[in-house]
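This report looks at how one strand is placed among its neighbours, at the helix that packs nearby, and at the charged pairs that link separate parts of the chain. Confidence in the model is taken up at the end.

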Amino acid sequence: PGMRISMHLGVLSFGGDWSIEARVRLGAHDADATLFHSNQGSMHQVLGLFGTTGRLMLEVTHGSEGTKRVVSPDPLPLEQWVHVTATISGGTATVYIDGLGVAEHEVDAVPVTQRAANSMGKHTTLGRRWRGKVSDVRMYSRALDAVEVAALSTGAVP
């Protein structure tokens, strides 16, 4: 099979608003596959798949406030490149697939900090790996808007 890579993302420091985008290609809908994880003890954020449904999920846990998830209504297609984006703006998390906002939910924003265990391709504590191809990953220290996300899905850079 292919080589599996997970990458520890050292120094990252974003306030409450941020975005991540990538092109992904899945071979299977693995349970809880993790594309990005930021772990700050009782506060963390995960971008990955929801269970074995293949649906894109952004999960935000904020200590005693509990966990909130925004989950796409449909699974990501298999064996096809797809552009995915997740943003947190103020108290709203949004996931996009191929430039279209497909789901949003109110969340308690958690900053991504340099003190966090940040990783790409693997959940830092549970070991859930992303088992697919990933290309053109970008992180932003602000929330991209819908126009920017749509442009990025076509290959344009904001």
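In this predicted model, strand 2, which spans residues 18-26, is mostly covered, with seven of its nine residues counted as buried. The strand has two pairing partners described here. With strand 7 (residues 82-89) the pairing is antiparallel and runs over seven bridges, and within that pairing Arg-23 has His-83 as its bridge partner. Strand 2 is also joined by seven bridges to strand 11 (residues 132-140), again in the antiparallel sense, and here Leu-26 stands opposite Gly-132.

**Helix 1 and its surroundings**

Strand 2 also takes part in the packing of helix 1: the buried residues of this helix pack against strand 2, strand 7, strand 8 (92-97) and strand 11. The buried residues in question are Glu-148, Val-149, Leu-152 and Ser-153. Viewed down the helix axis, they fall within an arc of 135 degrees, so they line one face of the helix. The general geometry of an α-helix is relevant to such a pattern, since with 3.6 residues a turn, residues three or four places apart point the same way.

Both ends of the helix can be described in local detail. At the N-terminal end, Asp-145 acts as a cap, with a side-chain oxygen 3.1 Å from the backbone nitrogen of Val-147. After the helix comes Gly-155, whose phi is positive, near 105 degrees.

**Salt bridges**

Over the whole structure, the search returns five salt bridges. Three of them are set out below, with the distance taken between the nitrogen and oxygen atoms of each pair.

| Pair | N to O distance | Relative accessible area, basic residue | Relative accessible area, acidic residue |
|---|---|---|---|
| Arg-138 and Glu-21 | 3.1 Å | Arg-138, 31% | Glu-21, 2% |
| Arg-25 and Glu-79 | 3.4 Å | Arg-25, 25% | Glu-79, 48% |
| Arg-142 and Glu-148 | 2.9 Å | Arg-142, 37% | Glu-148, 18% |

What does the salt bridge between Glu-21 and Arg-138 tie together? Glu-21 lies in strand 2 and Arg-138 in strand 11, so the pair ties together parts that are 117 residues apart in sequence. The two side chains differ in burial class, because Glu-21 is buried at 2% relative accessible area, whereas Arg-138, at 31%, is partly exposed.

Arg-25 and Glu-79 likewise form a salt bridge, their closest N and O atoms being 3.4 Å apart. Since Arg-25 lies in strand 2 and Glu-79 in the loop between strand 6 (67-75) and strand 7, this pair ties together parts that are 54 residues apart in sequence. Arg-25 is partly exposed, and Glu-79 is partly exposed as well.

The salt bridge between Arg-142 and Glu-148 involves one of the buried residues of helix 1, Glu-148. Its relative accessible area of 18% places Glu-148 in the buried class, because that class covers values under 20%, while Arg-142 counts as partly exposed.

**Confidence**

The chain has an average pLDDT of 80, and 79% of the residues score at least 70. Among the elements of the chain, helix 1 (residues 146-153) has the highest mean pLDDT, 95, and strand 1 (residues 7-9) the lowest, 46. Over residues 1-11 the pLDDT stays under 50, and for this stretch the model has 20 contacts beyond four places in sequence.

Terms used
Residues are numbered from 1 along each chain as its sequence is written. Side-chain values use heavy atoms; hydrogens and water are left out. Buried means under 20% relative accessible area, exposed over 50%, partly exposed in between (1.4 Å probe, protein chains only). Helices (H or I, at least four residues) and strands (E, at least two) are DSSP runs, numbered from the N terminus. Two strands pair if DSSP finds at least two bridges between them. pLDDT is the predictor's confidence in each residue, from 0 to 100. Contact means heavy atoms within 4.5 Å. The arc is that of the directions from the helix axis to the C-beta atoms. A polar contact is a pair of N or O atoms within 3.5 Å; within protein, one must be able to donate a hydrogen and the other to accept it, and residues adjacent in sequence count only if both atoms are side-chain atoms. A salt bridge is a side-chain nitrogen of Lys or Arg within 4 Å of a carboxyl oxygen of Asp or Glu.
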